[in-house]
Amino acid sequence: MVDKFFDRPGGFCATHISLEPSIYYEVIELTEDLFSDINRAGDPSSLSDLEKKHLPLIDAPDSVKAGEPFEVTVEVGRLLAHPNEPGHHIQWIVLLGGSVTLAMVELTPVSTSPKVTVTITLDKTTRLRALERCNLHGEWEHSKEIKVL
Ligand SMILES: [Fe+2]
């Protein structure tokens, strides 16, 4: 709700913007916890709808040969579709090998889907980490170890 108050000409003009209290408190309560740290799945065998929508799942072979290229796909919303609109969308996806950044992709709502495929090589067994950021629900991580034979 926007309230405007105008005094006489030459006086002052004030604009006061207030939000619907129930909506305002709902948003603050939800986002403060989710934005305080990187979110991860609690119990992988019993994911909540929020986790299903946000976990950046990694699709890659369990094992690869050293130095041989292979594809890794990171997808958000594979288990439960995540909104993809200007007000609620996935802003970026990052793929790390341990603590080394392998790929970073910024996404535009509506025009791009939160699914990224990159080709990588590894020379030793590595835990791949996928991170994503939702503009309303913070950063989420999922990981998968790839054995190098
Ligand atoms: Fe979200």
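In what order do the elements of the protein chain run from the N terminus on? In this predicted model, the chain goes β-β-α-α-β-β-β-β-β-β-β-β. That works out as 2 helices and 10 strands. Of the 149 residues in the chain, 21% are buried. As for contacts with a separation of 6 or more, 57% come from residues 24 or more positions apart.

Two open sheets can be picked out, and the one with 3 strands is a handy place to start. Its order is E3-E5-E8, and the pairing is antiparallel. Strand E3 (56-59) and strand E8 (115-120) sit at the edges, each of them pairing on one side only. On average, and with direction ignored, neighbouring strands here are turned by 20° against each other. Between E3 and strand E5 (residues 70-76) there are 4 bridges, in the antiparallel sense. Pro56 gives one register point, standing opposite Val76 in E5.

On the E8 side, Thr117 makes a useful probe. This residue lies in strand E8, and its contacts, once neighbours within four places in sequence are left aside, are Glu71 and Thr73. Thr117 and Glu71 are 46 residues apart in sequence, yet their C-alpha atoms are 6.6 Å apart in space. Is Thr117 buried or exposed? Thr117 counts as exposed because 12 other C-beta atoms lie within 10 Å, and the cut-off for that class is 12 or fewer.

The other open sheet takes in 5 strands, ordered E4-E10-E9-E6-E7, and this time the pairing is mixed. Strand E4 (63-64) is at one edge and E7 at the other, each with a partner on one side only. Strands of a sheet, whether parallel or antiparallel, pair through backbone hydrogen bonds.

Going through this sheet pair by pair, E9 is joined to strand E10 (residues 138-148) by 9 bridges, and the two run antiparallel. Within that pairing, Leu131 has Glu141 in E10 as its bridge partner. Next along, strand E6 (residues 90-97) pairs with strand E9 (residues 126-134) in the antiparallel sense, this time over 7 bridges. Here Ile90 is matched with Cys134 in E9.

E6 also pairs with strand E7 (residues 100-106), again antiparallel, over 6 bridges. Leu96 and Thr101 in E7 are bridge partners in this pair. How many residues lie between E6 and E7 in their hairpin? There are 2, and Gly98 in the turn has a positive phi of about 65°.

A further backbone detail turns up after E7. Val110 has a phi near 70°, a positive value in a residue other than glycine. Where is Val110 placed? The residue belongs to the loop between E7 and E8, and so falls in the link from an edge strand of the 5-stranded sheet to an edge strand of the 3-stranded one, given how strands are numbered from the N terminus. Val110 is exposed, because its C-beta has 10 others within 10 Å, and 12 or fewer is enough for that label.

Methods:
Residues numbered from 1 in each chain as written. Predicted model: local features only at pLDDT ≥ 70, side-chain atom pairs only at ≥ 80, totals over all residues. Pairing = 2+ DSSP bridges. Axes fitted to C-alpha atoms, helices over the stretch in contact; angles between N-to-C directions. Buried ≥ 20, exposed ≤ 12 C-beta atoms within 10 Å, placed from the backbone. Contact = placed C-beta atoms within 7 Å.
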